[in-house]
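Here are a few exercises to help you find your way around a new structure. Try each task yourself before you read the solution.

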Amino acid sequence: MYQYPFYPLPPQPSTIAPQKKLLKDKYEVLQIELGSGTYGKVKLVLDHVDKKKFAIKIISKSYMKQIFATQHILNELNYLQGCKHKNIVEYIEHFEDRDNIYIVLEYCGQGTLEELIKKKQKFTEEEAFHYFYQIAQAILYLHEKDIVHRDIKADNILLQNSNVKVCDFNWSIFLPNGGKAKPCSCGTTQYMPPEVIKKEKHDKGVDIWALGILLYYMLHGELLFRAKQKEELNEKICNKQSIKFNEKVSKECLQLFQQMLAHQRRINIQQVLNSDWVIKMLKGKQSQNSLELTPIKCKSIGQESTRVSIVSDSSRFSNYKFTAKSLYTESPFKQNNLNQGVQHPMIVRSSALDQNNPAFRVEKRYFY
Ligand code: ADP
């Protein structure tokens with residue numbers, strides 16, 4: 001019998017043990033089934049107090065024990081509780097009764113990305129980018145917390161008014177300090193990278209590969225690797241065969257595919273967000289919405305100065321909100337000894353990344 005391996009959990013405080021509570025005390029369960037997952041049904045409920053809609057995952061305790069899934073459920077609860085991001089489904093609470101464990105989540109009423117792809121068949125690059133970019137933001141958040149999702153796929157992307165919400169943390173793992181996960185068959189075969197198929201150690205790169213597979217799926221309406229037999233599918237994933245792309249796919253997008261689906265030296269999520277394709281699509285979006293980007297504050301306090309710096313080659317500035325990120329970088333001017341006579345920045349003490357546009361960042365520089 002197969003026992004699921006134990007997955008280390010992130011160090012966030014989390015109360016795994018569900019509190020005893022009765023479902024009917026707080027929610028009215030509507031007879032609307034939102035979906036069914038590996039461990040049970042997901043239903044729509046109404047909060048008794050303010051009639052707000054939520055989704056509730058109902059997991060049968062006996063089934064959970066029968067298939068040795070307890071660790072997976074604890075895993076899901078732990079990561080859901082520890083993550084708060086606009087592109088990750090929000091955890092509300094969990095509780096149990098004699099028969100079931102209930103996990104209450106924010107309600108995402110527009111179904112899954114899988115359903116949308118099936119309906120639309122193919123997305124344009126602009127449409128695909130809309131979803132891709134939000135999923136990449138969720139992955140960036142997770143990877144910065146050293147959490148690897150390990151089951152990024154269209155079925156695990158919920159839609160809420162065209163906003164993306166990543167769900168299903170059953171396979172997630174905490175990998176601090178650039179650590180690697182022990183070999184195991186985790187996730188969904190069509191989205192698995194070669195190292196997982198080959199039962200090798202793996203890391204954050206599994207999410208990058210899966211995101212590449214998902215981008216291909218959106219642009220082509222079919223998955224990149226398909227086969228009737230599992231062995232054939234595994235072989236296709238592991239063999240470096242040349243990939244057939246729709247001829248309309250832009251050269252920047254092709255380059256990104258190559259980098260995300262690399263067997264060795266795959267790019268990381270920051271590099272994905274700074275890729276030429278992402279920058280190009282963001283610029284296109286801005287000109288479409290005629291968003292005039294204006295310089296943000298420029299101040300000088302003694303020797304300290306905050307200035308806007310642009311990572312891309314654009315000559316315009318962003319007026320978006322920035323997320324704080326600290327950095328301590330030696331100035332290239334110092335290394336190159338080009339600083340004689342001119343006031344050049346010596347050190348970048350901290351920088352802030354634009355939440356919506358990774359092409360822009362603010363840097364706080366110290367001058368000498
Ligand atoms: P499992 O982890 O057991 O596989 P999922 O979390 O993938 O279950 O959920 C199964 C299905 O239920 C999803 O594909 C989706 O259709 C639906 N679903 C899950 N969570 C929500 C939610 N918060 N809002 C709306 N539908 C949901």
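**Exercise 1.** Check whether the length of helix α7 (residues 205-220) fits its number of residues, at 1.5 Å a residue.

*Solution.* Keep in mind that you're working with a predicted model. Start with the count: α7 has 16 residues. The expected span is 1.5 Å times one less than that number, which comes to 22 Å. Now take the end C-alpha atoms of α7, which sit 23 Å apart, so the two values agree.

**Exercise 2.** Work out how far α7 is enclosed by the rest of the structure, then look at what comes just after it.

*Solution.* A residue counts as buried once 20 or more other C-beta atoms lie within 10 Å of its own. In α7, 15 of the 16 residues are buried, so the rest of the structure largely encloses this helix. Step past its end and you meet glycine 221, with a positive phi of about 75°.

**Exercise 3.** Find the residues that UniProt annotates as "binding site" and describe where they sit.

*Solution.* The unreviewed UniProt entry gives Lys57 and Asp168. They're spread over 112 residues of sequence, yet they cluster in space, with a largest C-alpha distance of 10.8 Å.

Take Lys57 to begin with. Its place is in strand β4 (residues 53-60). Lys57 has 25 other C-beta atoms within 10 Å, so it is buried. Setting aside residues up to four places away in sequence, Lys57 touches Gly37, Gly40, Val42, Tyr102, Ile103 and Leu105.

Now for Asp168, which is in the loop between β9 (163-166) and β10 (173-174). With 22 other C-beta atoms within 10 Å, Asp168 is buried.

**Exercise 4.** Which residue does UniProt list for "active site", and what is it in contact with?

*Solution.* The unreviewed entry lists Asp151. Look for Asp151 in the loop between β7 (147-148) and β8 (157-160). It has 22 C-beta neighbours inside 10 Å, so Asp151 counts as buried. Leaving aside neighbours within four places in sequence, the contacts of Asp151 include Asn156, Asp168 and Trp171. Asp168 belongs to the "binding site" annotation from Exercise 3, and Asp168 touches Asn156 as well as Asp151.

**Exercise 5.** Describe the shell of residues around the ligand.

*Solution.* There are 19 residues around the ligand, and Leu34, Gly35, Gly37, Val42 and Ala55 come nearest. Next, ask which elements give two or more residues to this shell: they are β2 (27-36) and β6 (100-106). Finally, sort the shell by type, and you get 10 nonpolar, six polar and three charged residues.

Technical notes. Residues are numbered from 1 along each chain as its sequence is written. This is a predicted model: local features need pLDDT of at least 70, side-chain atom pairs count only at pLDDT 80 or more; totals for chains, interfaces and linings use all residues. UniProt positions are given in the numbering used here, feature names are shortened, and annotations may be inferred rather than shown by experiment. Helices (H or I, at least four residues) and strands (E, at least two) are DSSP runs, numbered from the N terminus. A residue is buried if 20 or more other C-beta atoms lie within 10 Å of its own, exposed if 12 or fewer, and partly exposed in between; C-beta atoms are placed from the backbone. Two residues are in contact if their C-beta atoms, placed from the backbone, lie within 7 Å. A residue is near a molecule or strand if its C-beta atom, placed from the backbone, lies within 6 Å of it. Ala, Val, Leu, Ile, Met, Phe, Trp, Tyr, Cys and Pro count as nonpolar, Asp, Glu, Lys and Arg as charged, and the others, Gly among them, as polar.
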